[in-house]
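The following exercises concern a structure with more than one part to examine. Each task is followed by a solution that proceeds step by step.

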Amino acid sequence: MLFSTCENKIMKYRGWNFEKTLLIRSESPFDRRNEFIDVAVAVETKCAATFSRDVRVVMKPAWNRFGNEVPCQVYDIREHGSITVFRVAFVADLPAHSTQRVGILYDNPEAESPRYETDLVMSDEGKGTTIENGHYRARLDPESGNLDALSIKLRVLEYTHLKGLTPECNPQGGVRVIFANPKDPGKPSSASAANWQQPETNWVEGPLFISLVRRGRLAPVGQPATDRHPSLELTYRFVADQPVIHVSSRLEFHEDTPVFGIHNDWVTVKKDCFSHYCFRPDTPSLPATDVEEVGHILVTAEHIQGLPPGPIFGGFLPYNLAWHAFISTVRTQKFRFDYALTGIRLHESSQAPGGPALHYRPATYLSHDRDQLSWFRAPVYVKKQNRTENIITIPKGSVYAETYALHLGEWDEKKNWLHQIDALGKRLNQPLTITQHPCLLDDTIIPEEDSGLFQSPNFGFAYKKAGVR
Amino acid sequence: MKTETKTRFDEEGWTGHRSVRLRDTAGLARTLEPVDTEFSIPVPEGFRPDAELRIIHLEAGQLMEIPSQFYDLTVVTGILSGRVAFLMDHLQPHGQEEFRLYYGNSQAAPPTYPESLRVTTGPDGPQHRVIENDFYKIETMPESGQIWHMWNKKGANTSWHHNEWDTNKDKGGDPCHWAPNCWAAYPERITNGYDVLAGGEDIDLIDWNYAFGWRDPESRIISGPIFTEITRQGIVWPHPEHTNPEIKRDPSAFVEARVTYRFYGDLPWFYQSSVLETLKDMRCFFIRNCQFVFLANIFSHTFIAPDRTGLLPTDEAEIAVLRLMGQIGRKPYTHQQHSLSNVLPSKLAYYGFYNEDTTDGFALFQLTEKNSNIHQGEPVHSNHATLFSELPGWSAYYCRALSYTNQRYNPENATFLPKGERYEEENIGFLFTHNNLPQTLESMENADRQMKSPLEVTWDS
């Protein structure tokens, strides 16, 4: 990352006419280094003519002093009459219980577009878009845009070993709806974003992150998508220099829909890449001074052969697990790395008109089939998918939304990984308080700030215990 | 394997009979279904219950006498009341069968039925017994009477017990039936500092109030040709072998328990129940029941079937089948005891273990879990779940935990329990032979449905 070292920082920013100051408050009792911040800023439209190249983000040690400039990424610029709202992303270090002052400089018609170094690279060699940073390489399916192949970069000294964790040419399921046919209940049909063909897409590309938003309908395989089918919005965000991919989904039903299942967060990996599935429960009945115990299940191909395909651990794991992971503890002479792929829950909401959305046997499921392992979370799960009486009708207007962070990291038997993941989950679910100053003077109504690509995290409740082991 | 014991019955000379009709209402085919029902009959003075009672099955118009066991008998003003147990050979789904209780025959001699359950007393203590049928051999602890060793005679026929403490290795190891038990918490007691945390043997912050620490508790035995039932009860004092007598402690009793086993001669399973009650206000780090502990390398797999609560009528629950890590040393964190902590509900349909190679199998069917406070109704217990624990070279077990803390010893995590907390359980322990997974799962499902769908029993008026 580029950090300015200009001695005379006031001189450096001559030419910029305006600054918004952000006060970023961290209530966390721990330091938050390399915190990815993504905030909406509102300014007068007359000052926003050259946003695409003149916005700068500068750390401020005092109200009237400029510190280091940090790389930023401006996106989603929207004009609302005399007010323009844009989003800006940057990275900052926030000590525990601190307030960081950050200057957003803008309106400099002479400014040139900044150039920031980044490890985030996007390429397309015909087999689908590939996005990689220093921690992973992700390839997207050329048809659906779903995550297709994911590899972790394992480093030792000057070597980097690329280890593929997921099956290739087998796009991740993501979100799946299993439709029931009341006239012929023995023939359910499923639909997932993996079946999409060239859906509506929206890319944001910059030095700090690359995001892809896709929208489409989920129609049973073989049926044309219509407005009556559920709509799905799926978002990926790949962040520079961080071993994390953010994944978000929003599924909405536009008419009463008979189903046998709604499965979210499908993640499929190669069985021979992992040895265990592990998860961190949230136990409300434990006192806050107690610790949570992480659960473990052996999933090596050698040891689960002979089990019937399908869920091998289903129905027991809470729907709202704080996080779960596939881990590799297969340390051999030939291959000395251990690693983990973790899904950290950030947001869940489900509503229907007049109340909460329907749930039936909501749980997190671990499943296997041939050489693959999967996890998924199901707000609605029916096992016997051939009986009329087991059909669940999802009311029109129901919405199921989820966000999680897919983390790729090295595993170790000394529990460093375990504590890092728990700390990351706690951190990602503890939002910062950000205010911007000065306020706008007139009564202009600024559209309600959306939270950018993702909903605000709401799994902080899961991290209230004294720790994890 | 049922002993063939039916004999033709001649009703001549018998004063009368009452009919009892058994009906399957669950649509299940029944085999060797134990029947245990209350009855009452008029009896004259001088009636000899041991000789003048018979259970007769009507088979194609023939009266066939079958083994029966009458117990808990009392006579009040010419009416004999009590219970009778017998085994019903088989019954078709939705079928019914008629049995008769014949009574009153002054010439009848006490019946003799072959007894397929052999119960012998052992030499090592007042509660030392060996209970054996064609399916299993079970040995109880000499002093406490808890199930100590278990052998699956149709499987590997080796004892499944584990060794919690090295000191007991040469003395037969530690019991398979580990509960009910209670870690009474005394976080203010620091007589020996925190020795256990530094590798010491015991710690003063707790007392082990374990039923297997009983010293010859009050017991009651019912035995006969159908079953032998052993009930023990009494105050559960701190375990004598794991209690430092020098510690200052309240000498009054505060935990009481009752444990019952019932063993059938012709069945591969046994019944077990327990009640644990707090007699005064106390603190604990946990209380557990429903806990059978086995040596880690006895079984290769475990299975867990959830309760059907909340399921649509024709939907099914997923049965989890997991490879045990403790058996093959594949725990990712080698010293973390629980593989499944705080995710399994306190009440499951059943769970079990099997070994792919030796064919040994054990399943535990949870019939009842009932927790209350006899003074205030609702129990006070907190963290409450089924935990699954396994450690290489040590043990594998499930337990139902009440007021469990993951951070043992911490004073702030001790749970206050008022007087009158009462935790009850009823289970079936089933020893089986594992041949292949589909067959095992099918037989477990059938057994579960059968155990939880008792026959409808109707006596004539």
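**Exercise 1.** In which loop of chain A does Asp241(A) lie?

*Solution.* Asp241(A) is found in the loop between β17 (231-239) and β18 (244-252) of chain A. Here strands are DSSP runs of E with at least two residues, helices are runs of H or I with at least four, and both are numbered from the N terminus. Two conventions apply throughout: residues are numbered from 1 along each chain as its sequence is written, and chains are lettered from A and ligands numbered from 1 in the order in which they are written. The model is predicted, and local features need pLDDT of at least 70, side-chain atom pairs count only at pLDDT 80 or more, and totals for chains, interfaces and linings use all residues.

**Exercise 2.** Describe the backbone and the surroundings of Asp241(A) and Asp72(B).

*Solution.* Step one is the general expectation: most residues other than glycine have a negative phi, and most peptide bonds are trans. Step two is the angle. Asp241(A) is not a glycine, yet its phi is positive, about 60°. Asp72(B) likewise has a positive phi, near 55°, and its place is in strand β6 (residues 69-76) of chain B. Step three is the surroundings. A residue is buried if 20 or more other C-beta atoms lie within 10 Å of its own, exposed if 12 or fewer, and partly exposed in between, with C-beta atoms placed from the backbone. Asp241(A) has 16 other C-beta atoms within 10 Å and is therefore partly exposed. Asp72(B) counts as exposed because it has 10 C-beta neighbours inside 10 Å.

**Exercise 3.** Locate the cis peptide bonds that precede Pro438(A) and Pro180(B).

*Solution.* In chain A, the bond from His437(A) to Pro438(A) is cis, with omega near 0°. Pro438(A) belongs to the loop between β31 and β32 (467-468) of chain A. In chain B, the cis bond joins Ala179(B) and Pro180(B), with omega about 5°. Pro180(B) sits in the loop between β12 (147-152) and β13 (181-185) of chain B.

**Exercise 4.** What is the strand order of the open five-stranded sheet in chain A, and which strands stand at its edges?

*Solution.* The order is β4-β3-β7-β1-β31, with antiparallel pairing; two strands pair if DSSP finds at least two bridges between them. The edges are β4 (69-70) and β31 (433-437) of chain A; each has a single partner strand, so one side of each is left without a neighbour in the sheet. Within the sheet, β3 (residues 56-60) and β7 (residues 98-106) of chain A are antiparallel over five bridges. One pair of bridge partners is Val58(A) and Gly103(A), the latter in β7(A).

**Exercise 5.** Follow the chain through β10(A), β11(A) and β12(A).

*Solution.* First, β10 (residues 136-140) and β11 (residues 147-156) of chain A run antiparallel and are joined by five bridges. Leu140(A) has Leu147(A) as its bridge partner in β11(A). These strands form a hairpin with six residues between them, and Gly145(A) in the turn has a positive phi of about 85°. Next, six bridges join β11(A) to the antiparallel β12 (residues 159-164) of chain A. Ile152(A) is bridged to Lys163(A) in β12(A). This second hairpin has two residues between its strands, and Leu157(A) takes a positive phi near 50°.

**Exercise 6.** How many residues does each chain give to the contact between chains A and B?

*Solution.* Chain A gives 40 residues and chain B gives 35, where two residues are in contact if their C-beta atoms, placed from the backbone, lie within 7 Å. On the side of chain A that touches chain B, β23(A) gives the most, with seven residues. That side divides into 18 nonpolar, twelve polar and ten charged residues. In this count Ala, Val, Leu, Ile, Met, Phe, Trp, Tyr, Cys and Pro are nonpolar, Asp, Glu, Lys and Arg are charged, and the others, Gly among them, are polar.

**Exercise 7.** Which domains are assigned to chain B, and how far apart are their C-alpha centres?

*Solution.* Domain 1 spans 7-114 and domain 2 spans 118-451; the bounds come from an automatic or database domain assignment. Their C-alpha centres lie 36 Å apart. In the contact between them, 13 residues of domain 1 meet ten residues of domain 2.
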